[in-house]
Amino acid sequence: MKAILLAGGKGSRLRPLTVHTPKPIVPIFDRPFLHYQLDLLKQVPEIDEVILSLNYQPRRIEEVFGDGGDSGLAIRYVVEPAPLGTGGAIRFASESLRDSVVVFNGDVLTQIDLGAVIALHRERKAKATIVLTPVDNPSAYGLVETDARGNVTRFLEKPNADEITCDTINAGIYILEPETFDRIPKDTPWSIERSFFPSLIERKDTFVAYVYRGYWIDIGTPEKYIQVHRDIMDAKYVGHRSMPFATHPGAAWVSPDARVEPGAIIEGPCFIDEGAVVKTGAHIGPYSVVGRQCYVEEHAVLDNAIVWANSRISQEAVVRRSILGRHCHIGRHALVEDGVVLGDKSVVTDYSRL
Ligand code: GDD
Ligand code: MG
């Protein structure tokens with residue numbers, strides 16, 4: 001069985017972080033995001049190949065995963081000549097496929113039992129099976145209505161407030177039958193959400209919902225990107241690779257290769273990656289992530305801050321509830337707080353306030 005990961009979007013809501021790092025490989029702690037999805041796919045022995053459907057900065061992604069050797073899954077790359085949207089990308093990536101295929105949005109993190117979804121798809125002899133999950137506000141997602149037997153009766157992408165009739169949304173995980181793909185036009189931008197799914201309902205194809213109530217998040221905005229780190233530190237999401245937080249929620253995790261000087265204050269939960277230096281009097285507060293080779297100088301404060309590799313936080317600077325890209329330089333006594341997102345190589349001069 002093959003799995004297609006839709007990983008070609010521009011990640012515009014995560015800009016400027018995604019200017020040099022496409023969304024599928026933004027780091028979650030010390031690992032590119034797609035590794036977490038591959039971990040999940042590996043749990044299904046039937047899946048023998050993952051097709052990464054790419055468009056934006058495909059080389060950067062290929063460099064990270066190669067042929068999949070390290071991950072234990074065969075990986076193939078399909079790069080669209082121009083963005084084809086979610087539907088066009090699936091058609092383009094599935095040219096030679098005949099059997100049921102698993103499709104995943106490349107930006108969702110979940111602990112779903114995929115085997116159970118595949119089993120339901122087979123049992124119901126469905127043309128398509130979609131995973132739904134409840135959220136507080138469906139407006140940023142695809143709203144999906146179902147009937148008492150678990151069939152999808154309506155799909156409405158990005159509903160207006162007055163169109164919200166239920167709390168179940170498209171979790172971005174499908175089992176599809178390639179025989180239905182002939183209704184997706186070739187080489188044309190096409191949305192699986194706005195065109196393909198509504199067409200299944202119109203034609204009365206067997207279109208089945210699997211409702212999942214466990215951990216699920218779309219990491220595609222700065223708020224959610226910070227949230228996913230919090231959730232892992234709180235052990236709300238427990239991955240297949242042993243993160244220290246799974247067994248020690250609230251832990252202050254410091255790489256054995258990091259250097260924390262005496263007199264630095266480290267408050268868990270937090271994560272300090274290899275090669276990082278935290279100087280005397282610096283304060284790493286809860287829910288902070290200090291990337292590889294970062295340098296946190298004397299009396300600097302990080303609190304709910306995510307700092308990518310190779311950045312420097314100078315003396316007495318404060319970074320709160322914000323995200324810094326790679327190679328950033330925060331000057332002495334600078335204050336960066338409340339939702340600031342800085343791209344790679346940003347420089348904040350001494351005493352600046354953002
Ligand atoms: N190859 C390729 N080509 N991939 C694409 C393209 C494209 O043209 N456009 C988007 N993608 C990929 C993105 O990289 C992402 O992994 C996935 O398709 C979904 O795109 P998003 O841009 O993240 O969509 P969204 O989050 O607004 O909405 C989608 O996901 C929600 C769940 O997180 C929809 O599927 C909603 O219905 C759903 O609820
Ligand atoms: Mg998304």
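These are my notebook entries on a predicted model, covering its metal site, its pockets, its nonpolar core and one loop residue.

**Metal site**

I began with the magnesium ion, which is ligand 2. Its coordinating residues are D107 and D218, each through OD, at 2.1 to 2.3 Å. I then looked up where the two sit: D107 is in the loop between β6 (101-105) and β7 (108-110), while D218 belongs to strand β13 (residues 216-218). The pair is 111 residues apart in sequence, so it ties together distant stretches of the chain. I also checked burial, and both D107 and D218 are buried.

**Largest pocket**

Next I turned to the pockets. The largest one has a volume of about 950 Å³. I find 37 residues in its lining, and those nearest the centre are R13, K23, T86, N105 and D107. I was pleased to meet D107 again, since it is also a magnesium ligand. Four elements give two or more residues to this lining: α3 (85-93), β11 (168-176), α5 (192-202) and β13. Sorted by class, the lining holds 16 polar, 11 charged and 10 nonpolar residues.

**Second largest pocket**

What volume does the second largest pocket have? I noted about 320 Å³. Its lining is made of 22 residues, with P27, F29, D30, R292 and R326 closest to the centre. The elements that supply two or more residues here are β3 (31-32), α2 (58-65), α6 (222-233) and β23 (306-307). Of these, α2 gives the most, with three residues. By class I have 12 nonpolar, seven charged and three polar residues in the lining.

**Nonpolar core**

I then opened the largest nonpolar core, which has 39 residues. Which members touch the most others? My list reads L41, L52, F65, V102, F104, I112 and L114. I followed L41 a little further, leaving aside its neighbours within four places in sequence. Its contacts are A3, L5, I47, V50, L73, F104 and L114. Two of these, F104 and L114, are also on the list of core members that touch the most others.

**T180**

My last stop was T180, in the loop between β11 and α5. Is this residue buried or exposed? Its relative accessible area is 1%, and buried means under 20%, so T180 counts as buried. Beyond four places in sequence, T180 is in contact with K127 and F196. I note that the two elements flanking its loop, β11 and α5, each give two or more residues to the lining of the largest pocket.

Notes:
Residues numbered from 1 in each chain as written. Chains lettered and ligands numbered in written order. Predicted model: local features only at pLDDT ≥ 70, side-chain atom pairs only at ≥ 80, totals over all residues. Heavy atoms only, no water. Core = buried A, V, L, I, M, F, W, Y, C linked by side-chain atoms within 4.5 Å. Buried < 20%, exposed > 50% of the residue type's maximum accessible area, 1.4 Å probe, protein only. Contact = heavy atoms within 4.5 Å. Donors = N, O, S within 2.8 Å, 3.2 Å for Na, K, Ca; no water. 1 Å grid on protein atoms, 1.4 Å probe; cavity = no way out; pocket = protein on both sides within 12 Å on 5 of 7 lines; lining within 4 Å. Points joined across faces, edges and corners; volume = space filled by probe spheres on them. Nonpolar A, V, L, I, M, F, W, Y, C, P; charged D, E, K, R; others polar.
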